[in-house]
Amino acid sequence: MAQGKDYVFHRDLTKTYPIITRAEGVYLYEESGKRYLDASSGAIAVNLGHGVDEIVYAMAKQAKDAAFVHTLRFETHVLHELSREIAELAPGSLNRVFYTTGGSEANESAMKLARQYHRDRGNAEKWIVIGRWQAYHGNTIGSLSAGGDIKRRKPFTPMLLPYEHVPSPHCSRCPYGKTLQQCQATSMACVDALERLILEIGPEFVSAFICEPIVGSQQGAVVPPEGYLRQVRELCNRYDIILIIDEVMCGFGRTGKHFAVEHFAIEPDILTFGKGVSSGYAPLGGMIVSDRIVQSLIENSGGKFTHGYTYSGHPVSVAAGLAAVRYYKEKDVLANCQQQSAYLFEQLELLRAKHRIVGEIRGKGLLIGFELVMDRERGTPFPPKAGIADRLNQIAMEQGAVFYPGSGGIDGEQGEHLLIGPPLTINQGEIKELVAILDHSLTLLETELFSVYPIN
Ligand SMILES: Cc1ncc(COP(=O)(O)O)c(C=O)c1O
């Protein structure tokens, strides 16, 4: 909280926020000494935990050596080294890395690249992007238009681009009222819907399809059914549509693999990233582009992508990324993520057995959705106006842990969840503490709720 007159344009101008003066490992500290276990890695960004010397020193060294060069005229060693490291981690023919300062710009860049790719190959009418409802791709106009987060879109509707959307595959709450078995026996309703939409628009107008491999903040770690992404890949091939996979939240080990697409054995044309690439230590994002698109740009666009930012490839951010990517490798962070994920899922299931308001627990690695429901048998959600996920997080913060609350995952309005995504370096003792705080917070919340809601 500010002393005296407040000059900050806060995310919520009616609120005050605790001031953090120190952060180390999985903990954040206020000046008073109050400690928070960071169970959301900030915004699912600080994958390696706070205060990692290797990253801090690499940033300081680069700032001293050459803090800024403009990538229209100069480059740095760290730019080439990080790009090689990322290309080695990325699937198949994704071999060229373009940098931005975060995820929104990354998706904006990917959609513009898809458009330029088509235009320069003589398909000038291909520009429409298809996204999915209940998806988040960022807050710039283009990325917001591609996303399907109704609450974030609403105030800006007249400004949004006329992009199209399909429902995302949320099998336990299927928008088509089908079961997975029904889809497996015939065809997948959400893939059919995508194909129908492509044909209605006309494939000659569709430039790209964008989706998160596992839906992060909006739905709370909803994993698509087996075969969904493979079939989407096939549709994109059939209709000459660029497949953009948004790994801003899922990438860099978050789901227990370098990139979440590895769980589904598909290769996108463009993979966007952010957050975990620098473990949140510096603003960094970007896209990894397939050889096919790069080759086309060389042949049809004179090698030029008509796009870029002052801070594309910023040396200090890239140095943070390089140190982070080496740290993932050297410390075998993925192995710890997989091991702790299994333990955390086990412990959360025990909470589900104990607390009636806990619904589905889902996700992969340390990207976990923890659903809150009024009636578990029927899956009845709480009324949105109650703000249950926010309230649970508020209580948890009072108790010393911070989560990532979300709402609207079912239809844009209904559906409450916590996203649980601690640093991938968390240990078992810290997970025990996380679960104990969540357990106690659920008990406190239930006491508040039982008098108001008919909880089953
Ligand atoms: C999947 C996804 N895409 C894009 C973004 C936007 O990234 P940024 O906030 O860095 O612009 C986010 C941010 O939460 C995200 O989760």
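Is cysteine 337 buried or exposed? Cysteine 337 is buried, at 0% relative accessibility. The model behind this value is predicted.

Cysteine 337 also raises the matter of disulfides. Its sulfur has its closest cysteine partner in cysteine 250, 11 Å away, and this is too far for a bond. A disulfide would need the two sulfur atoms within 2.5 Å. The search of the whole structure gives zero disulfides. Cysteine 211 fits that result: it is in no disulfide, and the nearest cysteine sulfur, that of cysteine 236, lies 8.3 Å away. Cysteine 211 counts as buried too, with a relative accessibility of 1%.

Cysteine 236 leads to helix H9. This helix spans residues 228-238. Its buried residues are Tyr228, Leu229, Val232, Arg233, Leu235 and Cys236. Viewed down the axis of H9, these residues fall within an arc of 160°, so they line one face of the helix. What do the buried residues of H9 pack against? Two helices take part, H8 (189-201) and H10 (261-264). The strands are S5 (128-132), S7 (206-211) and S8 (242-246). After H9 comes aspartate 240, with a positive phi near 55°.

Next, the loops. Aspartate 149 sits in the loop between helix H5 (141-146) and helix H6 (150-153). Its relative accessibility is 4%, so aspartate 149 counts as buried; the cut-off for buried is under 20%. Which side chain makes a polar contact with the side chain of aspartate 149? The partner is the side chain of arginine 152, at 2.6 Å. Beyond four places in sequence, aspartate 149 is in contact with Gln134, Ala135 and Gln218.

Histidine 170 occupies another loop, between strand S6 (164-166) and helix H7 (180-185). Histidine 170 is buried, with a relative accessible area of 6%. The side chain of histidine 170 makes a polar contact of 3.4 Å with the side chain of glutamine 219. What else does histidine 170 touch, once residues up to four places away in sequence are set aside? Besides Gln219, the list holds Pro175, Val222, Glu360, Arg362 and Gly409.

To retrace the path: cysteine 337 is buried at 0%, and its sulfur is too far from that of cysteine 250 for a bond. Helix H9 lines up its buried residues on one face. Aspartate 149 and histidine 170 are loop residues, and each is buried.

Technical notes. Residues numbered from 1 in each chain as written. Predicted model: local features only at pLDDT ≥ 70, side-chain atom pairs only at ≥ 80, totals over all residues. Heavy atoms only, no water. Helix = DSSP H or I, 4+ residues; strand = E, 2+ residues; numbered from the N terminus. Buried < 20%, exposed > 50% of the residue type's maximum accessible area, 1.4 Å probe, protein only. Polar contact = N/O pair within 3.5 Å; in protein donor to acceptor, adjacent residues only side chain to side chain. Contact = heavy atoms within 4.5 Å. Arc of directions from axis to C-beta.
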